[in-house]
Amino acid sequence: MRLEKPDDRGRFGVFGGSFAPETLMPALSELEEAFIDAWADPSFHVELDELLMSYVGRPTPVFHAKRLSEELGFELWLKREDLAHTGAHKINNTIAQGLLTKRMGKPRVIAETGAGQHGVATATACALLDLECVVYMGQKDIERQALNVYRMELLGAEVVPVVAGAGTLKDAVSAALRDWVASVETTHYIIGSVVGPHPFPWMVREFQKVIGEELKVQMPTPPDVIVAPVGGGSNAMGIFYPYVGDPDISLVGVEAGGLGIATGKHGASLGEGSPGVMHGAMTYMLQDEFGQVLEAHSISAGLDYPGVGPEHSYFKDSGLVTYESVTDDESVVAFHRLAVTEGIIPALESAHGLAWIIREASRLAGRTVVLNLSGRGDKDVQQVAALDE
């Protein structure tokens, strides 16, 4: 069944919890108390809702992809999170956590980013709310997401390259956590997904569930299938959560199949991983027989992560959500197809969800399908163009 909140240990079933350094436990407790207090305060919701409407551009529309629907043989709708300010769903969370940071009286924010969308959204919120901003980003991701790096710097953020490990999202999270340990009294860490120690998975879910709540109003006749890409899992959690437990709606999360599951170069933590502790929470993760984290691979920087949010792990084991994967090549084909049929260039993350829909078209015939178009693809155009040369 769907859980309204984690248990007293911060867990969703056996997943989640707070496996964090002792120096961070007071900050996590402070954050939980501040979130509970704010979430129960009508004035916080008034301020947040006003910014989501006038600044972020909510509600984001739902678009009927008519041409693609005709080609595929079923009705396909797109929840247009790509039209939110900064170009992705990430801003829903960063604005809310930015307001929470101000409420806690902390002047400095740190964040991690993979594809750069969360980094841009954090830098945007900090510029709006007059907060100092430092963003940790893997060197590999900096190289493939140069546009977003410049956007963050333009917004006044300091972007810190992380060269340790594979130089991707996992390593950026680790670097940000080390910073937080050293600066916790003056700094709030805005985690970008439903990952990390309690209360982050719960809190970010609450900030993102506006996606699914809007969809319920926008589509009074419920869809048969809702599809979303899953890296850390915040966009998927945002659209899935209001529907979890409805026996008439299939929820499908699509992970990064990378170069193919058989190659071992993928980011399918739920499909191919096993439970372990990563970045402060018990969750499904890619690890070897000794519990060492395996490097993930995806053409999409936002899916290039060897773990996943603990509530998604709970959904998997409870059978509430089905998790699939598609390859890099399939996602690039879907990236092109949406562009030429509907005039929409999706983020490579979102293209993974569309790739699964295209692959399963015969099975979906006659049904109504919603894809959470989690972000726009401006950031990925140069990378995809290089593949086309």
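Are tryptophan 180 and tyrosine 189 buried or exposed? Both of them are buried. Keep that pair in mind for one of the close-ups below, and remember that this is a predicted model.

**Figure 1. Helix 5 packs against helix 7.**
Two packed helices are described by the angle between their axes and the distance between the axes. Here, helix 5 covers residues 117-129 and helix 7 covers residues 146-154. Their axes are 9 Å apart and make an angle of about 10°. Angles under 35 degrees count as roughly parallel, so helix 5 and helix 7 are roughly parallel to each other. On the helix 5 side, look for Gln117, Gly119, Val120 and Ala123; these meet Asn148, Arg151 and Met152 in helix 7. Sorted by type, the residues of this contact come out as 3 nonpolar, 3 polar and 1 charged.

**Figure 2. Aromatic rings pair up.**
A pair of aromatic rings is described by the distance of the centres and the angle of the planes. Searching the whole structure turns up 10 aromatic pairs. One of them joins tryptophan 39 and phenylalanine 44: the ring centres are 6.3 Å apart and the planes sit at 65°, so this pair is edge-to-face. Phenylalanine 44 is buried, with a relative accessible area of 2%, whereas tryptophan 39, at 22%, counts as partly exposed. Now back to the opening pair: the rings of tryptophan 180 and tyrosine 189 have centres 5.9 Å apart and planes at 75°, so they are edge-to-face. Ring pairs also link Phe35, Trp39, Phe44, Trp202 and Phe207 into a cluster.

**Figure 3. Glutamate 206 touches aromatic residues.**
Find helix 9, residues 200-208, and you'll find glutamate 206 in it. This residue is buried, at 8% relative accessibility. Leaving out residues up to four places away in sequence, glutamate 206 touches Phe35, Trp39 and Tyr241. Phe35 and Trp39 also belong to the ring cluster of Figure 2.

**Figure 4. Two positions where a side chain lies over a tyrosine ring.**
Tyr241 turns up again here: arginine 2 lies over the face of this ring, at 4.4 Å from the ring centre. In the second spot, lysine 216 lies over the face of tyrosine 243, and the distance to the ring centre is 5.3 Å. Next along the chain, take a look at valine 217, which lies in helix 10 (residues 210-218). Valine 217 is exposed, with a relative accessible area of 67%. Leucine 320 is 103 residues from valine 217 in sequence, and their C-alpha atoms are 22 Å apart in space.

**Figure 5. Serine 69 sits in helix 3.**
Helix 3 runs over residues 66-72, and serine 69 has its place there. Its relative accessible area is 4%, so serine 69 is buried. What does serine 69 touch, not counting residues up to four places away in sequence? The list is His64, Phe74, Glu75 and Leu76.

**Figure 6. Isoleucine 345 in the loop between helix 14 and helix 15.**
This loop connects helix 14 (328-342) with helix 15 (348-359), and isoleucine 345 is in it. At a relative accessible area of 41%, isoleucine 345 is partly exposed. Phenylalanine 335 is 10 residues away in sequence, with a C-alpha to C-alpha distance of 6.7 Å. Setting aside residues up to four places away in sequence, isoleucine 345 touches Phe335, Ala339, Arg376, Gly377 and Val381.

**Figure 7. Backbone oddities in loops.**
Most residues other than glycine have a negative phi, and most peptide bonds are trans. So what's going on at these spots? Arginine 58 and proline 59 are joined by a cis peptide bond, with omega about 5°. Proline 59 is in the loop between helix 2 (42-56) and strand 3 (62-64). Another cis bond runs from histidine 198 to proline 199, where omega is near 15°. Proline 199 belongs to the loop between strand 8 (187-189) and helix 9.

For phi, check threonine 86: it isn't a glycine, yet its phi is positive, at about 80°. Threonine 86 is in the loop between strand 4 and helix 4, and it is buried, with a relative accessible area of 6%. Leucine 83 is found in the loop between strand 4 (75-80) and helix 4 (90-104), but leucine 83 counts as partly exposed at 47%. Histidine 279 also has a positive phi, near 50°. Its loop lies between strand 11 (274-278) and strand 12 (281-285), and at 15% relative accessibility histidine 279 counts as buried.

How values were computed: Residues numbered from 1 in each chain as written. Predicted model: local features only at pLDDT ≥ 70, side-chain atom pairs only at ≥ 80, totals over all residues. Heavy atoms only, no water. Axes fitted to C-alpha atoms, helices over the stretch in contact; angles between N-to-C directions. Helix = DSSP H or I, 4+ residues; strand = E, 2+ residues; numbered from the N terminus. Parallel < 35°, antiparallel > 145°, perpendicular 65-115°, else oblique. Contact = heavy atoms within 4.5 Å. Nonpolar A, V, L, I, M, F, W, Y, C, P; charged D, E, K, R; others polar. Phe/Tyr/Trp six-rings, centres within 6.5 Å; stacked < 30°, edge-to-face > 60°. Buried < 20%, exposed > 50% of the residue type's maximum accessible area, 1.4 Å probe, protein only. Lys NZ or Arg CZ within 6 Å of the ring centre and 35° of its normal.
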